[in-house]
Amino acid sequence: MATTGSDEPGDFHNVDDYDLYRGMQAIAKTGLRLSLHAENAVLTDRLAADAIAHHHTDIQAYIDSRTPMVEVEAVRRALYLAKQTGCKLHFVHLSTGESVREVHRAQVEGQDVTCETCVHYLTLTTEDFKRIGPLAKCSPALRTPAVQADLWREVQAGHVNAVTSDHSPAPVEMKANPNNNIFEVWGGISGAQNNLDLFYDVAVKSGRLSLQQFVQLTAAGPAKLFGLKGKGQLTVGADADIALLDPSQSYTLRAEDLYYKNPISAYVGRQIHCRVTRTLLRGKTIFELGQDFDEQPTGQFLKNQNVTGDAK
């Protein structure tokens, strides 16, 4: 629902209200669920343009152009359009407790809507953004400690269906800031690698969540949400997709620890009090700490089993 903020050729554009409404009408007939990035495009674009026009191109200016208000307004608008059309909704990477409450209120009223947040919204704040720099630029923007604390309360209340990475990689040069203009920098955080260990650290070891809640948000919840049969559970007959974590290990993340093609991360330099030691895919070990990856791809396309309705 918001522009990407990228000038890259071929990059996608946001929908306007008419396209969103018509799209929801069409999607409702298929039984599929529409995933939405909820930010008000008019507000974010014009607030950014105002800041740039006044030569305000620092991190605080970017934060001010993407306040919690622009997310909450977009969530409310999308919920109303979905209610009118009967379209199932999933809100990706919500960054505020207020947005989650809007979703929960709609659920209570009978709407088929779900939502997720990300590890970085539960871990990093606006002050971290200013300290780390462009590697921590994302949209929605990182929030103040007060807004983050409110989001945590909604997660603890069970009002969020999944905690994800929203992994958004980029070459190093796209995260550089040679002109000291944060608006020109690619927005996105590379987070997939540390989705489990870091979240376990800040959620379970901190005492905020139980182990069962952690598993629900990182495995069982996402599998159920997107109809991935045989995933997200340790039961006879399910796929043996297992990540082993050692909560007794602590390490400081270094760039050389990253397995990304472009080894950059907003978490480099952070001490993480947990570590993934082994990963199994359908019972086969594909990663073991100290032994690198099995690079032979064995993944399979998984069809959503939750689809109902006429999918013509």
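This is a short chat about cysteines and backbone geometry in a predicted model.

Trainee: How many disulfides are there in this one?
Mentor: The count is zero disulfides. A pair of cysteine sulfur atoms has to be within 2.5 Å to qualify.

Trainee: Why is C87 not bonded to another cysteine?
Mentor: The closest cysteine sulfur belongs to C115, and it is 16 Å from the sulfur of C87, which is too far for a bond.

Trainee: Is C87 buried or exposed?
Mentor: C87 is buried, because its relative accessibility is 4% and the cut-off for buried is under 20%.

Trainee: And what about C118, where is its nearest cysteine sulfur?
Mentor: That sulfur is in C138, 8.0 Å away, and C118 is in no disulfide. C118 is buried too, at a relative accessible area of 0%.

Trainee: Switching to the backbone. Which residues does the cis peptide bond join?
Mentor: S139 and P140, with omega at about -5°. P140 sits in the loop between helix 7 (126-132) and helix 8 (145-156).

Trainee: Why bother listing a cis bond or a positive phi?
Mentor: Because most peptide bonds are trans, and most residues other than glycine have a negative phi.

Trainee: OK, what is phi for D166?
Mentor: Phi of D166 is near 45°, so a positive value in a residue other than glycine. D166 lies in the loop between strand 4 (162-164) and helix 9 (195-205), and is partly exposed at 32% relative accessible area.

Trainee: Where is N180, then?
Mentor: N180 is in the loop between strand 4 and helix 9. Its phi is positive, near 50°, and N180 counts as exposed at 57% relative accessibility.

Methods. Residues numbered from 1 in each chain as written. Predicted model: local features only at pLDDT ≥ 70, side-chain atom pairs only at ≥ 80, totals over all residues. Heavy atoms only, no water. Buried < 20%, exposed > 50% of the residue type's maximum accessible area, 1.4 Å probe, protein only. Helix = DSSP H or I, 4+ residues; strand = E, 2+ residues; numbered from the N terminus.
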